[in-house]
Amino acid sequence: MPNILIIEDDSAFCQMLQKFLIKRGYDAEICYHANDAKEKFNVTDFDVILTDLRLPDYDGIQLLDDIKKVKPKTPVILMTGYAEVGTAVKAMKQGAYDYISKPFTPEEIIMVIENALRTKPSDEIHDTPSVQKPKQKNTTSKPKENLPEKTILGVSDASKKLDDYIKLVAPTDMSVLITGDSGTGKEVTAKAIHKNSKRKDYNFVAVDCGAIPKELATSEFFGHIKGSFTGAIEDKTGNFEAANGGTLFLDEVGNLSYENQIQLLRALQERKIKRVGSTKEIHVDVRIITATNEDLALAVQKGSFREDLYHRLNEFSIQIPSLEERFEDLILFADHFLAKANENLNKEVHGFSAEVWEAFRQYHWPGNLRELQNIVKRAVLLTVGDEVKIETLPKEVLQSNYHNTTKPENFSKSDFEKDRIIKALKKTNFNKSKAAKLLQVTRKTLYNKINHYNLDL
Ligand SMILES: Nc1ncnc2c1ncn2[C@@H]1O[C@H](COP(=O)(O)OP(=O)(O)OP(=O)(O)O)[C@@H](O)[C@H]1O
């Protein structure tokens, strides 16, 4: 029976949720304060932790951090209010599994929990791979969807450019640094590079550097031998060995500690590693692809990321466009995620209503493709007929649409419009051409609007 911890200061709501989950066959424990929660998750392995983002006595993001330190593999789902969606997206970058906006329906919460349970990474130790043993099952330390992944190419200029870059760099052995916002498809891109490379018959190993506690990183990367430290109860193959002959994908590489950065650089330069507790050197032939959604060049300037490692990892860089920057692809992606959701949930929903398309078009998609995928999946679950209707969309998407009922050509005056302009400008680093493109208006219209609203930029 899956064991769920609910952390929520609203005691009535917390108890109601607990009762509901128990009725649906889960084991559910509750606590109203962060300190009680810490006592519980420090000693118990929960299958899922469900926590309110806003607790009276503690910061939800800090609590997420605390959980990840002691239980890096436990999926954490955040319960948020509408206004906190931005923070929730930030939390997902820091390792939260998903978020759900309150109030939610019973079906919604069950679906998010079931997704988390399905994708919870196992604690299994990787099989020891070797260069002589290609085509074994890929291993990954990140949650994986069960379905075989189909990759959509996209028709937008940004997508075509991305595809050109993948094809260009894949056959080489160059290290690739992939940058882009959360959920844009960095891991998918890394896999595409691997699949198009001469290493495709060997393993693709994905490591979420943000989820590995600093003390365990050496053993995760290089493995250990039994008895080398407390808790090393058997030999363990590290990620470098697991990826031997293939590709090692290091996600959120900016989160590596300085010490781990030195170890990584050494392994890359010498192409040799030693398991913790062993003196035997093992030769490894690994291509490194890294991803980050932070500005690594800035981290180098600030001294938190080593410059020599940065250059070693950045032999070629690829910037993944946000969903807003590849808006022409939205229909393709939404249809793809609809087909995936149908298969996953055993449903036969054929399409989206015109209103849903309009809402999709108006929304700014801070969580990019992952958010679109989640929203489509939830909507498919909630759909009774054969078409996704507007009522099945979450508040944050409806809210965008609710305020802006005009067509883009009209680009009406409202607080919402002003807000959209500011968001677009911030998102594009105040580049007005890019912001205009995001807003689907001409540069001139954007300038007029900026003057009209007296925006002090
Ligand atoms: N080209 C694509 N075709 C189909 N699905 C895609 C594509 N790109 C991304 N996705 C889907 O979007 C979701 C997010 O992709 P992915 O995990 O690669 O993003 P990410 O940028 O690595 O995210 P994060 O920053 O959170 O690590 C995944 O479920 C993935 O399957």
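Select the ligand and the 18 residues around it, where a residue belongs to this shell if its C-beta atom, placed from the backbone, lies within 6 Å of the ligand; the ones that come nearest are Ile152, Gly185, Lys186, Glu187 and Leu369. Two or more residues each are given to this shell by helix H7 (186-195) and helix H15 (368-382), helices being DSSP runs of H or I with at least four residues, and strands runs of E with at least two, numbered from the N terminus. This is a predicted model, in which local features need pLDDT of at least 70 and side-chain atom pairs count only at pLDDT 80 or more, while totals for chains, interfaces and linings use all residues. Residues are numbered from 1 along each chain as its sequence is written.

Next, select Phe240, one of the residues with the most contacts inside the largest nonpolar core, which has 39 residues; such a core is a set of buried Ala, Val, Leu, Ile, Met, Phe, Trp, Tyr and Cys residues joined through C-beta atoms within 7 Å. The largest share of this core, four residues, comes from strand E9 (residues 204-208). Apart from this core lies another, of 36 residues, including Ile4 and Val112.

Finally, go to Asp52 in strand E3 (residues 48-52), which UniProt, in an unreviewed entry, lists for "modified residue: 4-aspartylphosphate", an annotation that may be inferred rather than shown by experiment. Asp52 counts as buried because 23 C-beta neighbours lie inside 10 Å, the cut-off for buried being 20 or more other C-beta atoms within 10 Å. Leaving aside neighbours within four places in sequence, Asp52 is in contact with Ile7, Glu8, Asp9, Gly60 and Met79, contact meaning C-beta atoms within 7 Å.

How values were computed:
A residue is buried if 20 or more other C-beta atoms lie within 10 Å of its own, exposed if 12 or fewer, and partly exposed in between; C-beta atoms are placed from the backbone. Two residues are in contact if their C-beta atoms, placed from the backbone, lie within 7 Å.
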